[in-house]
Amino acid sequence: MSAAEPATEVDDEKFLARLKAFEGRTVGAPTEGPDAVNQAMIRHWVEAMGDENPVYVDEQAARANGFPGIIAPPTMLQAWIMRGYKATAELAEARAEGRRAVGASPADDLMHVLDEGGFTSVVATNCEQEYRRSVVLGDRLSVSSSIESVSTEKQTGLGIGHFITTVLAFTDAAGEPVATMRFRILKFRPGTGKSTAALSGPPTAGSEEPRPLRPRPALTHDNAFFFDGARQQKLLVQRCASCGILRHPPRPACAVCRSFEWDTLEASGRGTVYSYVVVHHPQVAAFDYPLPVAVVELEEGTRLVADLVGIEPDAVEIGMPVVVTFVAVDDELTLPMFGPAPA
Amino acid sequence: MSARSARRHTFAGTTAIAGIGATEFSKDSGRSELRLATEAVAAALDDAGLTAADVDGMVTFSADTNPEIEVARTLGIGDLTFFSRIHYGGGAACATVHQAAMAVATGVADVVVCYRAFNERSGHRFGTGVQGRPPVPNAENASFAWYAPEGLLTPASWVAMFAQRYLHATGATSEDFGRVAVADRAHAATNPRAWFYEKPITLEDHQASRWIVEPLHLLDCCQESDGGQALIVTSLERARDLAQAPAVINAAAQGAGAQQDMMTSYYRDDMTHLPEMGVVARQLWETSGLAPADIQGAILYDHFTPFVLYQLEELGFCQWGEAKEFVRDGNLLMGGLLPTNTHGGQLGEAYIHGTNGIAEGVRQVRTTAVNQISGLEHIVVTAGTGVPTSGLILGVDR
Ligand SMILES: [Zn+2]
């Protein structure tokens with residue numbers, strides 16, 4: 001554990017309190033962008049983006065579309081108030097040297113705190129914009145930023161980190177609101193992601209190691225409904241929409257009437273053990289052993305392979321009645337499993 | 001079933017296996033798979049009395065990592081007019097000979113090499129299953145979606161599901177599976193090429209061996225091996241002029257059944273048949289004009305013991321559900337009604353994906369087997385079970 005990481009729960013709480021203190025903080029006066037909204041920057045932008053909408057470059061087209069004149073692309077909003085290369089470089093240098101830069105905002109200060117806490121990586125997660133009016137040529141935009149929220153520590157796919165939501169309020173030369181932008185980033189500790197830990201789930205009992213996830217099903221247009229259904233606690237069986245025959249595993253067409261049309265039937269979840277095994281070896285960390293697995297024959301007639309839960313491996317018998325239960329084996333995978341049917 | 005008239009395969013009885021060659025069988029070959037393939041092919045050519053210049057066709061498994069042109073280039077084989085690969089793992093074994101015989105009988109090629117070589121033990125091991133398989137969303141990977149997330153990751157686990165139902169339906173016991181292992185190991189014990197040479201087992205050993213996937217014990221499962229095996233197929237006419245007595249290809253066939261899966265055909269009306277082996281068996285009998293009573297020995301694919309019982313029934317050596325009595329009577333052993341896997345099988349000799357069993361069939365026909373079946377006229381050889389498969393009847397040249 002590096003010195004930069006909070007060492008105890010008390011430290012964790014203190015750290016969170018430091019972060020939470022940033023919520024609601026705002027820079028004092030709105031900062032004015034360096035340039036008025038201008039055609040040259042717009043043209044560079046739309047060319048780079050490959051956006052051929054004429055309302056950004058052609059006065060007539062803009063008016064024909066109901067605008068007062070050429071407008072700036074909405075996605076360009078932040079470009080008008082960027083502080084420029086020199087200021088950004090100064091900020092980065094100050095960060096590297098561990099001092100506060102001249103002109104640093106509360107957001108910059110928050111970044112600094114998170115860097116110190118070991119949350120050194122950053123990724124933008126989402127951005128919402130809301131316009132009061134279009135931005136037009138000649139507008140002088142100013143911005144004031146405030147930190148709306150700092151989340152508690154979250155485990156994400158990328159790593160353990162905090163989500164930070166910043167609100168930028170854009171105003172024009174008259175001080176009238178033009179637009180707001182809500183911008184969310186994740187500051188996270190590198191190397192703590194689920195992807196680097198080979199997609200880890202809850203730890204194995206008695207082990208510090210995160211447990212590897214079960215193998216993923218390869219999802220296709222033909223089979224995805226089954227796993228989507230399981231997440232909604234439904235055991236779905238593919239049904240031919242023409243002749244009504246049920247089929248499992250799913251196929252893109254009906255082998256009886258050749259129809260490509262199908263829907264699904266929600267099975268009752270009652271069935272019997274048609275055959276079963278108890279897996280002992282090789283042992284893969286994603287599973288608990290001995291692992292009883294059955295071919296279950298549903299009362300609707302189709303069979304499927306499923307894990308047995310709540311039954312001692314020695315007590316499994318061919319023909320025993322079982323009922324479905326849905327087990328979320330990890331965040332993304334829910335599987336229908338079967339347990340003993342109530343007497 | 002189609003109403004076609006009696007099948008005739010033009011290669012049946014007109015083609016032969018003229019050469020066999022193999023590397024040693026081990027747990028760590030210490031050399032590349034390409035070298036194993038090359039050594040095996042070279043040995044088979046030497047055995048037949050042919051040279052690289054005679055070869056114009058090559059067949060292997062799609063699972064093999066040694067492309068035909070790599071082996072050809074390494075050995076100095078020149079122009080190829082026929083090359084082919086067969087899918088479905090061990091189900092391809094006899095199908096390599098099937099395809100070679102078709103090529104020879106149709107004049108597409110004169111001398112076809114069939115080969116299979118791998119470091120299945122020291123390199124990539126099948127027994128470790130599919131856990132690392134990335135789920136690229138294609139049909140082949142999607143078929144694992146119904147097994148891998150549930151923890152059925154290995155061939156043993158897939159076959160065990162059949163075995164449990166078979167025990168339930170037929171009244172066979174784990175000991176009946178064990179009798180297959182005991183017979184294999186008895187034969188391996190007297191075969192110096194076998195990994196388990198001089199290491200026979202008892203039924204008690206089988207029963208005491210640990211569970212792999214219930215109802216399969218460790219000793220129900222074949223070993224994992226490194227090695228290579230090659231076979232030379234040519235016309236019977238040409239084979240008669242070569243170095244060895246020809247092993248006549250009396251019949252060869254492939255088979256996949258309705259509702260076929262890769263070792264997980266759990267959705268058929270019942271799980272106590274192997275319809276794909278039935279498809280093979282019907283062709284073997286029909287095109288050879290032979291019947292089970294004309295067969296004196298068998299090489300039955302034995303990656304897992306239960307499917308040997310299924311095969312005895314599908315091939316017609318006994319009725320459905322009666323394989324247990326057939327094995328209890330000692331019929332798989334030397335001196336029995338159908339000495340089976342006389343080289344030790346894949347449990348006892350080596351697991352070379354069924355191809356070493358074809359070589360044993362050839363040795364039985366040549367009367368050069370270490371456990372020779374006296375008076376043998378015809379022997380049946382089968383390929384991987386639970387998957388689309390294949391089979392052969394090899395016979396003495398008369
Ligand atoms: Zn239909």
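These are my notebook entries on a structure with chains A and B, which I read as a predicted model.

**Entry 1: chain A in outline**

I began with chain A, whose secondary structure comes to six helices and 16 strands. Of its 343 residues, 28% count as buried. I also looked up how far apart in sequence the contacting residues lie: among contacts in chain A with a separation of 6 or more, 58% are between residues 24 or more positions apart.

**Entry 2: a sheet in chain A**

I then followed an open sheet of three strands in chain A, in the order β10-β9-β11, with antiparallel pairing. Its edge strands are β10 (246-247) and β11 (262-266), each of which pairs on one side only. Strand β9 (residues 236-240) meets β10(A) over two bridges in the antiparallel sense, and I noted that A:Gln238 stands opposite A:Arg247 there.

Two backbone details caught my eye around these strands. In the loop between β10 and β11 of chain A I found A:Pro249, which is joined to A:His248 by a cis peptide bond with omega of about -5°. In the loop between α6 (224-231) and β9 of chain A sits A:Gln233, whose phi is near 65°, a positive value in a residue other than glycine. Is A:Gln233 buried or exposed? I have to write partly exposed, because 14 other C-beta atoms lie within 10 Å of A:Gln233, while a residue needs 20 or more to be buried and 12 or fewer to be exposed.

**Entry 3: where the chains touch**

Next I turned to the contact between the chains, which takes 33 residues from chain B and 33 residues from chain A. On the chain B side, α4 (139-142), α5 (155-170) and β5 (211-214) each supply at least two residues, and α5(B) gives the most, with six residues. By kind, the residues on this side of chain B divide into 21 nonpolar, nine polar and three charged.

Strand pairing also crosses from one chain to the other, since two bridges join strand β12 (residues 270-279) of chain A to β5(B) in an antiparallel arrangement. In β5(B), B:Val213 is the bridge partner of A:Val279. As a reminder to myself, strands of a sheet pair through backbone hydrogen bonds, either parallel or antiparallel.

I stayed with β5(B) a little longer, for two bridges also join β5(B) to strand β6 (residues 216-217) of chain B, again running antiparallel. B:Trp211 stands opposite B:His217 in β6(B), and the two strands form a hairpin with one residue between them. In that loop lies B:Pro215, and the peptide bond joining B:Glu214 and B:Pro215 is cis, with omega of about 10°.

**Entry 4: helix α3 and strand β8 of chain B**

I checked the length of helix α3 (residues 93-105) of chain B, where 13 residues at 1.5 Å a residue should span 18 Å, and the end C-alpha atoms are 19 Å apart, which agrees. Twelve of the 13 residues of α3(B) are buried, so I describe the helix as largely enclosed by the rest of the structure; B:Val97 and B:Ala101 are among them. After the helix comes B:Gly107, with a positive phi near 80°.

Strand β8 (residues 247-255) of chain B gave a similar entry: nine of its nine residues are buried, so β8(B) too is largely enclosed. Strand β1 (residues 15-22) of chain B pairs with β8(B) in the antiparallel sense over two bridges, with B:Ala16 opposite B:Val248. Eight bridges join β8(B) to strand β11 (residues 389-396) of chain B, also antiparallel, and here B:Gln254 stands opposite B:Ser390.

**Entry 5: nonpolar cores**

Which residues have the most contacts inside the largest nonpolar core? I found 169 residues in that core, and those with the most contacts inside it are B:Ile17, B:Val97, B:Val112, B:Leu231, B:Ile232, B:Ile249 and B:Leu394. Leaving aside residues up to four places away in sequence, B:Ile249 touches several others, including B:Ile17, B:Val97, B:Ala101 and B:Leu394. Apart from the largest core lies another, of 18 residues, among them A:Val55, A:Ile70, A:Ala72 and A:Trp80.

**Entry 6: one last loop residue**

Finally I looked up B:Asn341, placed in the loop between α11 (323-328) and α12 (345-348) of chain B. Its phi is near 55°, a positive value in a residue other than glycine. B:Asn341 counts as buried, because 28 other C-beta atoms lie within 10 Å.

Note on methods:
Residues numbered from 1 in each chain as written. Chains lettered and ligands numbered in written order. Predicted model: local features only at pLDDT ≥ 70, side-chain atom pairs only at ≥ 80, totals over all residues. Helix = DSSP H or I, 4+ residues; strand = E, 2+ residues; numbered from the N terminus. Expected span 1.5 Å × (residues − 1). Contact = placed C-beta atoms within 7 Å. Nonpolar A, V, L, I, M, F, W, Y, C, P; charged D, E, K, R; others polar. Pairing = 2+ DSSP bridges. Core = buried A, V, L, I, M, F, W, Y, C linked by C-beta atoms within 7 Å.
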